[in-house]
Number of protein chains: 2
Amino acid sequence: MSCASEYAPQLRSRGYRITPQRMAILHVLRHSGEHLSPRDVYQKAKKDFPRLTEPTVYRTLEFLVRNGLARPAQAGNGRLRYQLATGDHHHIVCRGCGDEIEVEHSLLESLYRKMESTSGYKRIDSHVTFFGVCPECQQP
Amino acid sequence: MSCASEYAPQLRSRGYRITPQRMAILHVLRHSGEHLSPRDVYQKAKKDFPRLTEPTVYRTLEFLVRNGLARPAQAGNGRLRYQLATGDHHHIVCRGCGDEIEVEHSLLESLYRKMESTSGYKRIDSHVTFFGVCPECQQP
DNA sequence: AACGTTATTGTAAAAACTTGCAACAAGGAA
DNA sequence: TTCCTTGTTGCAAGTTTTTACAATAACGTT
């Protein structure tokens, strides 16, 4: 699969290994849309690689996040969902009706740079869900 | 306990009920510091009110968040911790070691105002966890 | 003070997630 | 190609969090 050739060098060069489990999970993240729960990933990746187990999925997702290949997205309830670390955008969810719109990542760029300089942290870059009240729900 | 008189009116006026479970949990949040896990809260509050059960703790914490009395803070691994909703701040979690620091809410104010004007949403205001790499983990 | 409504809780069981450890296999070296 | 090292995985058992529903109790009303 073409995914492998793209991600493998990044991992191998840091001393990590390329395994079919990791490739299957990357493949799912790449081709199955955004905001996938660990269970989503498990069920889909299992089709590619049936010996896959759930603990491996959890460990791999964490691993991919640590290495910047995936990004965690917070669902409303605190459970983590995952997606590939590209095509960056965020969401605002209406507290009233649950309606959801996207926010360009560029809006957050300057905030990130400001946080980096005041905190000493680098590579701040996160998928974020904000909450607000949409125009319709603002009517009395 | 003095906690009750402070929070009770807020809840009662919205049609919610004052229960010893809720009071015990608020008491814990008030007097046991920040970033408490549901289990921390359970074990401490149980001393005040031994009939307390774990599902009640989870439900009550969520309830307090919905009503603005408590605030969730994400630990590095995605597990939620809770604290009283005062002194608004956010977190940056290090992707490497999980270390965590606070970010002043004021840093985000202008972003929120900008998002409100471009999106039409109002009252945007969220507790957010960002991810980055802390100074120690930036060493090669 | 007793009553009724209905928000809230406890119970029990399931689902989601984590951990420890022995077995395995990726990839460099011989 | 075969051997070794050690990063990864599977297994099994633990812990944490959620769910469904019947029982309970807060509190406005009588």
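**Close-up 1. A:Tyr58 and the phosphate of DNA strand C in a predicted model.** A polar side-chain atom of A:Tyr58 sits 2.6 Å from a phosphate oxygen of DNA strand C. The side chain of A:Arg39 also approaches a phosphate oxygen of the strand, with an N or O atom at 3.2 Å. For A:Arg17, the partner is a base nitrogen of DNA strand C, 3.3 Å from a polar side-chain atom. Four helices each give two or more residues to this surface: H3 (38–48) and H4 of chain A, and H2 (20–31) and H4 (54–66) of chain B.

**Close-up 2. The protein surface around DNA strand C.** In total, 22 residues surround the strand. The closest are A:Tyr58, B:Gln21, B:Arg22, B:Arg51 and B:Thr56. Sugar and phosphate make up 68% of the DNA strand C atoms that come within 4 Å of the protein. By residue class, the surface near the strand holds 11 charged, 7 nonpolar and 4 polar residues.

**Close-up 3. Helix H4 of chain A, residues 54–66.** Does the length fit, and which residues are buried? At 1.5 Å a residue, the 13 residues of H4 should span 18 Å, and the end C-alpha atoms lie 19 Å apart, which agrees. Buried residues in H4(A) are A:Thr56, A:Val57, A:Thr60, A:Leu61, A:Phe63, A:Leu64 and A:Val65. An α-helix has 3.6 residues a turn, so residues three or four places apart point the same way.

**Close-up 4. The residue A:Gly68, just after H4(A).** Here A:Gly68 takes a positive phi of about 75 degrees.

Notes
Residues are numbered from 1 along each chain as its sequence is written. Chains are lettered from A and ligands numbered from 1 in the order in which they are written. This is a predicted model: local features need pLDDT of at least 70, side-chain atom pairs count only at pLDDT 80 or more; totals for chains, interfaces and linings use all residues. Side-chain values use heavy atoms; hydrogens and water are left out. The expected span of a helix is 1.5 Å times one less than its number of residues. Buried means under 20% relative accessible area, exposed over 50%, partly exposed in between (1.4 Å probe, protein chains only). A residue is near a molecule or strand if one of its heavy atoms lies within 4 Å of it. A polar contact is a pair of N or O atoms within 3.5 Å; within protein, one must be able to donate a hydrogen and the other to accept it, and residues adjacent in sequence count only if both atoms are side-chain atoms. Ala, Val, Leu, Ile, Met, Phe, Trp, Tyr, Cys and Pro count as nonpolar, Asp, Glu, Lys and Arg as charged, and the others, Gly among them, as polar.
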